Amino acid sequence: MSQHHKISTATIRGLWNNWALAFGSIALVMLCSLFMSKTILPMLLLAIAYALMAKMKSDHARSKMGACYLMLWVMAITIFWSAIVMLVINLLHSKWFFGGLLTAEPFNPKHPYVCSLIIFPIALIVSIYFLTRGLKSKLCSNCQARFGYYVPSNPIATLYYREARYQLRMLLWLSLVLSVVDWTYYYLFYINVNFNKPDKFYFIVMPIAVYLLSLVYMSVRYMSMSDELLDDKSERGLRPMMTVIRFLVLSGDRIFLSEGTDESIDTPAQLIIPRRDRMTADDASKKFNDISGCDEFNTRYLYTDTGYLNGANVLHYAIFLPDDAPGAGKLTGEWCSIDKLDRWLKEGALTPLLAREIHRIYSVTMAWKTYDREGHRIYPIKNYQPTFRLRDFKKWDVDYNDIHWLDVATNNEDRPFFRLRRFWRKNFRH
């Protein structure tokens with residue numbers, strides 16, 4: 001089997017597995033509710049949520065190729081909050097805790113937990129949240145931090161993201177329909193005296209049947225999609241492996257940029273070569289000399305975007321020309337101040353890759369200058385903000401390839417619930 005075929009198969013299998021495991025978690029809860037007590041069932045949900053998060057964390061730790069875990073993350077959150085709601089209901093019914101606020105009329109401990117009345121409304125809310133957040137969600141931001149900005153520039157990442165949103169819409173509509181049907185049946189026909197066959201059909205059998213039908217539908221969808229991915233001549237087929245080398249050209253407090261054919265602003269210094277994971281500073285300097293003709297400059301390696309599956313990885317470098325450099329050799333463009341760069345960034349005029357580079361450099365630098373690696377302030381001065389000047393870039397002794405600093409930038413002692421958030425990320429986030 002060729003490498004192309006292996007990657008295509010892994011891509012399609014990953015998409016199907018995400019759906020099967022995510023929605024299958026709900027089906028498992030429905031089945032277990034038939035023979036597990038209402039006291040124990042929330043503990044099972046917490047265990048399932050933890051297992052989903054642990055799988056995501058383990059897969060990311062072992063894999064260097066990347067995959068989209070958005071559906072698993074959504075389902076882990078859904079099941080976690082479903083367990084919390086169930087625990088609260090159990091406590092409200094406990095006489096020793098709240099004096100039995102819930103009576104046997106709405107809550108009969110002798111009958112199975114009607115999980116569908118809780119899980120599907122929560123799944124509906126969580127799906128809507130992540131659909132509206134899009135690439136701004138924390139999970140997507142983490143993937144962009146590790147693999148770089150690949151939507152829409154990378155075909156495989158675009159496919160994963162598009163299919164993740166498609167699966168989220170599927171989950172949304174199925175959750176909406178099942179919520180309406182089950183709650184309507186609950187209000188009109190359910191009697192909390194026994195758990196009869198119609199009850200089992202609407203609350204358990206029907207959701208599981210919908211899950212099984214969805215597996216068949218997704219199988220047909222991804223089997224047809226795999227034919228196109230396996231076609232080397234297809235525009236959506238997987239591209240040969242390659243490496244993009246990008247140079248940010250700086251001089252003093254200026255950065256050299258140009259406008260592309262799509263009217264977006266980007267660095268004019270980049271090239272594509274056959275795939276490679278590393279490059280020495282001398283090799284990088286030689287390649288910049290080849291495309292620019294400049295002889296007097298310093299080169300600094302920044303970081304590497306490892307790439308999505310067989311999509312291009314990106315090697316990022318900074319080039320420092322003399323402070324009074326009138327231009328950048330053979331490269332065409334103009335020198336821009338940091339104020340102008342910031343204005344273009346806010347206006348969305350920069351290419352996604354350049355915007356990600358600027359964001360990463362700024363976030364890592366400010367985190368490194370403000371906090372230690374544990375997120376505690378270096379200087380005990382509240383709201384203190386260190387300066388950020390491009391002319392100091394070549395002096396900053398920070399590893400931009402260390403994504404830990406991106407975590408520090410978003411989770412530090414200036415943020416609410418710092419210790420709780422740090423515990424959560426350390427133990428549950430991938």
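Helix α7 (155-188) makes the greatest contribution to the lining of the second largest cavity, supplying four residues. Helices here are DSSP runs of H or I with at least four residues, strands are runs of E with at least two, and both are numbered from the N terminus. The structure discussed is a predicted model, in which local features need pLDDT of at least 70 and side-chain atom pairs count only at pLDDT 80 or more, while totals for chains, interfaces and linings use all residues. Residues are numbered from 1 along each chain as its sequence is written, and side-chain values use heavy atoms, with hydrogens and water left out.

Three cavities of 30 Å³ or more emerge from a search of the whole structure. A cavity is a set of points, on a 1 Å grid over the protein atoms alone, where a 1.4 Å probe fits but cannot get out; its lining residues have an atom within 4 Å of a point. Grid points are joined across faces, edges and corners, and a volume is the space filled by probe spheres set on the points. For the second largest cavity, that volume is about 40 Å³. Its lining is made up of Leu 15, Asn 18, Cys 68, Leu 70, Met 71, Tyr 160, Glu 163, Ala 164 and Gln 167. Besides α7, helices α1 (3-32) and α3 (70-93) each supply at least two of the lining residues. By class, the lining holds six nonpolar, two polar and one charged residues, where Ala, Val, Leu, Ile, Met, Phe, Trp, Tyr, Cys and Pro count as nonpolar, Asp, Glu, Lys and Arg as charged, and the others, Gly among them, as polar.

Met 71 belongs to helix α3 and is buried, with a relative accessible area of 2%. Buried stands for under 20% relative accessible area, exposed for over 50%, and partly exposed for values in between (1.4 Å probe, protein chains only). Met 71 and Asn 18 are 53 residues apart in sequence, yet their C-alpha atoms are 6.2 Å apart in space.

Another lining residue, Glu 163, is buried at 0% relative accessibility. The side chain of Glu 163 meets that of Arg 162 in a salt bridge (3.0 Å, N to O); the term requires a side-chain nitrogen of Lys or Arg within 4 Å of a carboxyl oxygen of Asp or Glu. Arg 162 is partly exposed, at 34%. Together with Arg 221, these two residues are linked in a network of salt bridges.

The structure holds twelve salt bridges. In one of them, Arg 373 pairs with Asp 402 (2.8 Å, N to O). Both residues lie in the loop between α11 and α12, so the pair ties together parts that are 29 residues apart in sequence. Asp 323 and Arg 391 form another salt bridge (4.0 Å, N to O). Here Asp 323 sits in the loop between β6 (313-320) and β7 (334-337) and Arg 391 in the loop between α11 (352-370) and α12 (404-410), so parts 68 residues apart in sequence are tied together.

Helix α7 also includes Leu 188, which is exposed at 59% relative accessibility. Leu 188 joins Trp 183, Tyr 187 and Phe 189 in a nonpolar surface patch, with about 510 Å² of accessible area together. Patch members have over 30% relative accessible area and no salt bridge; like charges are joined within 9 Å, and nonpolar side chains (Val, Leu, Ile, Met, Phe, Trp, Tyr) within 5 Å. Accessible areas come from the Shrake-Rupley method with a 1.4 Å probe, and for residues only the protein chains shown count as cover.

Terms used: 1 Å grid on protein atoms, 1.4 Å probe; cavity = no way out; pocket = protein on both sides within 12 Å on 5 of 7 lines; lining within 4 Å.
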